[in-house]
Structures are given as structure tokens and as C-alpha cells.
Amino acid sequence: MIGTPTLVVDIGGTLLTRSRPGATARAWSVVEPLLNDPTDVVQRVDVGRAVLTAHTREEAAAAIAAAFDLIPRYHAAVLEALRLPEGEAIVHPSAVHTLEVARRLGWRIVAATNAAGWVQDLPSQLSRSIEEVVSSSAVGWTKRDPEFWHHLICSRNIDPNYCLVVGNESVVDAEVPRRAGLLALCIADTLGRLEVLADGMEQAGSAPEDCIGIVAGRPFEWADLQVIEVPHLTRMVEHVTRYPVLAVTAMDPPLRAWILRRRIGPPVYAGRDGGGPPLLAWLVAAKDRRKRRPPPDLAAALTSANLSLDHLSVRDRRHLVSFVHEAHDQQTRRARIDSIVALLSGRDADQ
């Protein structure tokens, strides 16, 4: 296994809630009555971005006043709202257990949070399981911005193949990280309850040594198949249209599956026997993946031209063999074989 399994988990609303409205809600309560169209979502996002990327209350209030051209009276009202107490942190009943399960099974845990710079540190029962916290105020973007997720991947040396993002909001904790190339689950849409994630991790067990990725989520129907979107595995089908894998857990026999490239949208996981995987599973390459040989017609054409695929890399050999296998008719197949022979003949001539 190349990467370390990483659980990126949201804090507010997922691991804990607070007994009072958050800073963004308090600032919005001042700004909303002043707007011509308070239903404009963009304006609320602007308030949130000003609050959640600020280091101090004064900085946040000044940014909001400038963005909405507030007179001093309302500027002061925003600052007063931001200075109200943040409220008591109430830890989710299953949060500690879920983090402890993840740590025991070898997951690295990173918290990703939309949090203003003045918000208090995590309660100790959570912080002892979390390796580090990446906050919007520290990086200058909110989780609504793809840049936040790109920064998290690069700065924390996260391999997307082995990363799972979990949170309670469908847009910032699922849709946006997926667009950034990460596997992400919204608890409300997928898990139902946080403790379901702990159960899924227990069922999956620790990552096998030959793990090449993870799959998680609830399947949906596509092309008469039950599939799961796997945007983090795009590189796996960069040179082929399908990649055979086994979905492995500690509790169940391995399941044969494909990672399928699609013309529109991210690739998907599809069970070769028609079923979906458990909620969470490790992926390993099918055992014969690196031993694929050219089909008889391609082998005959190569032998006739005194050529071979043996000197190519595994990836290139796999790509050329799949190029032939995936032809839709004999005429296309013959043309593809001829093009491979021409390609290799030209390469040998250059050498």
C-alpha cells in the first residue's frame, strides 16, 4: 500500500454542536434585514466567507461592512453580534467512539472545518484522536471553495485513493470535495447516523498490504448497474475504460468489481456480479491484472512483424491490450491491431 488511509471529518454539526448560533448566523441576523433580496444565497455565502476566513472578530466585521457598504451603526452591530459567546460545545454521542475505531484500524484523522479564527479549541475527548485541524481561517478559503480541498490534499500529503471525507452538509462536505477529486459522504444522505460509519469501518477492518484504494457509499443505478461514484480513482482508468478490482473487507469474501470510466461524470465502482459493496471496502487489484497477455490475433500480428509487448511498461502493455479488447466490431479490432503494429514498428525504427 502506497498511501495512509485518511479520514477527513467535519467538526461543527458532525462531531459536535454548540448551544448557541454560530458566528455566521449571528452576523447574518444583522445583515439580512438590510438587504433588498435577503433570499439571495450568494449574499449569505459572502457573509459566511468574511466570517470564516477571518482571524479576529474585528477583521470579520470590517470585511462585512466593506462588502455590503454598511454605515458605522450597522458595522458596530455586526461586531457586537460576533462578540457574543460562542456557546458550549456539545460532543455528538458517537463521535468519540467513531474516532477511536478509526485510529485503532490505522486511519489518520484530519478535521476540516469552517471555523473563524477566534473559535475555541476542540474538546480534549475529540482532540486526542485527531492528528491535525485544517480550518477556513487558517487557509483563507472556506470548504465551499475547491481551493480549500486542493490545499488540504497538497499541504497534508493526502493520497486521494486512500482518503474519505465525511460531514453533515451535502454541498460543502460532499459535492465540493467530490469535484476536487475526493471520495466524500454526507451523513444525512448516505450514512444516516455517524455510528454507521464506525460500524462500516469495523466491518472493513484494517487496510490490506496490497490495497490500491477505497470505496464507500450507497449504490445508485447507472446503465442498468448498481454503482458508486469514485472520483478519487480517476487515474485508475486514465488509460483504460475499465479496471478490474476486488472489494475486500474483514467480514466478507472478496467481491469482484470494475472501476468504469464514463463519458460524462466521474468513474464508478460496479460489482461484476451485479451487487454493490458493503458501506466501506478496501480495493485490491485483480490477481491477473499484471499478467494479461495479448489476445491471439494481436499476438499473431506482432509475431509476424517480429514485434513484442514484453519491453513495454505494465501500464502501456495493459493499455494496448485493452485497446484491442474494447473494440466494438471486427473491423475496428483489425484497425486497432494494425495501428499497434505500426506504432511499435515506428518506435523500434527510432531506436
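This passage describes a parallel sheet, a helix pair and a proline-containing loop in a predicted model.

The sheet is open and consists of five strands, which follow the order 5-4-1-6-7 with parallel pairing. Its edges are formed by strand 5 (132-135) and strand 7 (183-186), each of which pairs on one side only. From one strand to the next, the twist averages 25°. Strand 6 (residues 163-167) runs parallel to strand 7 and is joined to it by four bridges; within this pairing, V166 is positioned opposite L185 of strand 7. Helix 8 (residues 146-155) lies across strand 1 (6-10), strand 4 (108-113), strand 5 and strand 6, and runs at about 155° to strand 4.

A helix-helix packing involves helix 5 (residues 95-104) and helix 11 (residues 194-204), whose axes are 9 Å apart and enclose an angle of about 20°. Because angles under 35 degrees count as roughly parallel, helix 5 is roughly parallel to helix 11. The crossing of the two helices is left-handed. On the helix 5 side, the contact comprises A95, H97, T98, V101, A102 and R104, which meet L194, E195, L197, A198, M201 and E202 of helix 11. Classified by residue type, this contact contains seven nonpolar, two polar and three charged residues.

P254 occupies the loop between strand 11 (242-248) and strand 12 (255-260). Excluding residues up to four places away in sequence, P254 touches L246, A247 and V248. The C-alpha atoms of P254 and L283 lie 9.3 Å apart in space, with a separation of 29 residues in sequence.

Terms used. Residues numbered from 1 in each chain as written. Predicted model: local features only at pLDDT ≥ 70, side-chain atom pairs only at ≥ 80, totals over all residues. Heavy atoms only, no water. Pairing = 2+ DSSP bridges. Axes fitted to C-alpha atoms, helices over the stretch in contact; angles between N-to-C directions. Contact = heavy atoms within 4.5 Å. Parallel < 35°, antiparallel > 145°, perpendicular 65-115°, else oblique. Left-handed = near helix turned anticlockwise from the far one by under 90°. Nonpolar A, V, L, I, M, F, W, Y, C, P; charged D, E, K, R; others polar.
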